[in-house]
Amino acid sequence: MTKVRTVFVCQQCGSQQSRWMGRCPDCGTWDSLVEQTERRDSSSASRRTVSGSQSRPVGLRDVAIDGFARLPVLGNEFVGVLGGGLVPGSVVLIGGEPGIGKSSLLLQAAAHFAEHVGSALYVSAEESVQQIKLRAARMELEPERLLVYSETNLNIILDQIVAVKPQLVIVDSIQTVYLEELSSAAGSVSQVREGALRLLRLAKEHATPMFLVGHVTKEGAIAGPRVLEHIVDVVLYLEGDRFHQYRLLRGVKNRFGSTDEVGVFEMTAQGLREVPNPSQAFLSERTTNAPGSAVAVTMEGTRPILVEVQALTASSAGAQPRRTANGFDMNRLLMLIAVLTKRVGLPLFNQDVYVNIVGGLRIDEPAVDLAVAVAIASSFRNVRVRHDLAMVGEVGLAGELRSIGQLERRLTEASELGFTCALCPETAHLPRVDGLGVITARALADAIETALQDRDIHTHESQS
């Protein structure tokens with residue numbers, strides 16, 4: 001029996017209302033309610049329970065996990081982000097901006113899985129099988145056990161998964177497939193939510209891991225209802241500037257591991273390639289004799305990464321000077337400019353200030369504050385920063401330097417990359433690293449003077 005009803009669905013949070021309202025009562029978003037007509041068949045597959053599930057509760061000690069080991073997928077970077085491998089029956093959602101490399105990464109993952117583990121099914125609702133073949137040929141991927149399928153009807157896709165019985169399924173993308181029993185368009189809240197639930201049931205029933213590709217909004221969040229991220233087991237974001245070659249695969253949710261790990265990849269003509277030493281890659285084109293360049297030690301998850309921070313100051317031609325940040329938080333840049341003006345005495349009120357994180361990275365960690373401030377001061381004074389100096393530290397509103405965590409790991413990474421000295425806030429437990437001279441400072445003004453003078457640092461020093 002078919003039931004028809006008209007509801008108004010919020011495109012942000014997915015809540016349903018019986019009438020239209022200008023503002024969603026649940027999430028507070030204006031003009032987000034869209035009228036949708038839903039037709040539900042009481043005999044549809046959505047009412048079936050997962051076959052093979054336990055009919056009654058069982059003891060935890062009696063649950064068998066033989067043969068339920070994690071599965072390898074596409075090298076150490078991907079495996080690390082997943083927490084050690086792909087868990088059978090898990091559903092992984094990967095989001096990212098258009099053209100960032102989501103489809104290429106998952107096609108490589110499917111090919112690697114088919115070559116080393118078992119059969120994989122790549123389902124595309126956006127490309128034909130011929131287009132997938134062309135992309136695979138460009139990346140030199142031709143595994144024998146990789147199956148490709150082009151379809152938008154999710155019911156047909158589910159039937160094919162049951163018939164083929166692959167050991168890995170990739171659906172590209174969840175916003176472009178649809179269920180015919182729902183009258184709403186593909187990508188709507190009801191289609192995305194119900195489609196994800198159907199795929200989740202199938203994954204748990206057959207212990208088949210699945211990857212779902214998710215589109216993102218202009219704010220960078222995965223499109224569709226927020227409940228989509230709660231349905232899946234793992235949520236990953238592929239980040240980076242599509243005009244640069246480096247990509248970061250970052251976990252924001254993981255039921256089977258930590259979300260502190262990130263994977264670094266480089267976009268090439270043959271697809272995404274692992275970057276085992278990202279610090280060396282990001283600093284490979286660094287210019288050491290130009291003012292306005294400083295090296296910061298940031299943490300991406302549990303991995304220390306050295307990045308180059310560039311700054312440029314120029315006399316402003318207008319009444320309101322420009323402030324531009326690429327890869328750095330704009331509000332934090334404005335705060336650092338205010339501290340440099342008030343506490344350090346740099347007259348930046350008539351200066352255009354531009355800050356860039358080299359490599360297309362997006363850095364939000366406060367530990368980069370010191371490097372950004374030193375780079376701005378270096379450009380303003382037209383004095384270069386010591387080429388062998390790495391910096392780490394948070395800047396407070398009083399112009400003081402505040403300590404940060406995991407300092408020893410940061411300094412060790414800097415030493416391994418050939419840096420001979422480091423500048424950091426004064427702390428009670430200053431780690432000692434072989435081959436690295438460390439100088440500490442309490443105030444930002446003292447740190448800038450130290451960074452812009454050329455002298456050797458062989459021992460631990462302190463400036464008040």
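Lys102 sits in helix α2 (residues 102-116), helices being DSSP runs of H or I with at least four residues, and strands E runs of at least two, numbered from the N terminus. This is a predicted model, where local features need pLDDT of at least 70, side-chain atom pairs count only at pLDDT 80 or more, and totals for chains, interfaces and linings use all residues. Residues are numbered from 1 along each chain as its sequence is written, and side-chain values use heavy atoms, with hydrogens and water left out.

**Lys102**
- Lys102 is buried but has no salt bridge, and Asp172, the nearest side chain of opposite charge, is 6.9 Å away.
- Buried here is under 20% relative accessible area, exposed is over 50%, and partly exposed is in between (1.4 Å probe, protein chains only).
- A salt bridge takes a side-chain nitrogen of Lys or Arg within 4 Å of a carboxyl oxygen of Asp or Glu.
- A polar atom of the Lys102 side chain does lie 3.2 Å from the backbone oxygen of Glu97.
- Setting aside neighbours within four places in sequence, Lys102 is in contact (heavy atoms within 4.5 Å) with residues including Ile94, Glu97, Val213 and Leu238.

**Helix α5**
- With 18 residues (189-206), α5 should span 26 Å at 1.5 Å a residue, and its end C-alpha atoms are indeed 26 Å apart; the expected span is 1.5 Å times one less than the number of residues.
- Since 13 of its 18 residues are buried, α5 is largely enclosed by the rest of the structure.
- Right after α5 comes Ala207, with a positive phi near 55°.

**Salt bridges**
- The structure holds 19 salt bridges.
- One of them pairs Arg303 with Glu77, the closest N and O atoms being 3.0 Å apart.
- Arg303 is in strand β14 (residues 303-315) and Glu77 in helix α1 (residues 75-81), so this pair ties together parts 226 residues apart in sequence.
- Glu77 counts as buried, at 8% relative accessibility.
- Glu181 and Arg198 meet at 2.6 Å, N to O.
- Glu181 lies in the loop between β7 (168-172) and α5, and Arg198 in α5, so that pair ties together parts 17 residues apart in sequence.
- Both Glu181 and Arg198 are buried, and a network of salt bridges links Glu181, Glu194 and Arg198.

**The whole chain**
- The protein chain has 11 helices and 22 strands.
- Of its 464 residues, 50% count as buried.
- Among contacts with a separation of 6 or more, 66% are between residues 24 or more positions apart.

Definitions and conventions:
Lys, Arg positive; Asp, Glu negative; His and termini not counted. Polar contact = N/O pair within 3.5 Å; in protein donor to acceptor, adjacent residues only side chain to side chain.
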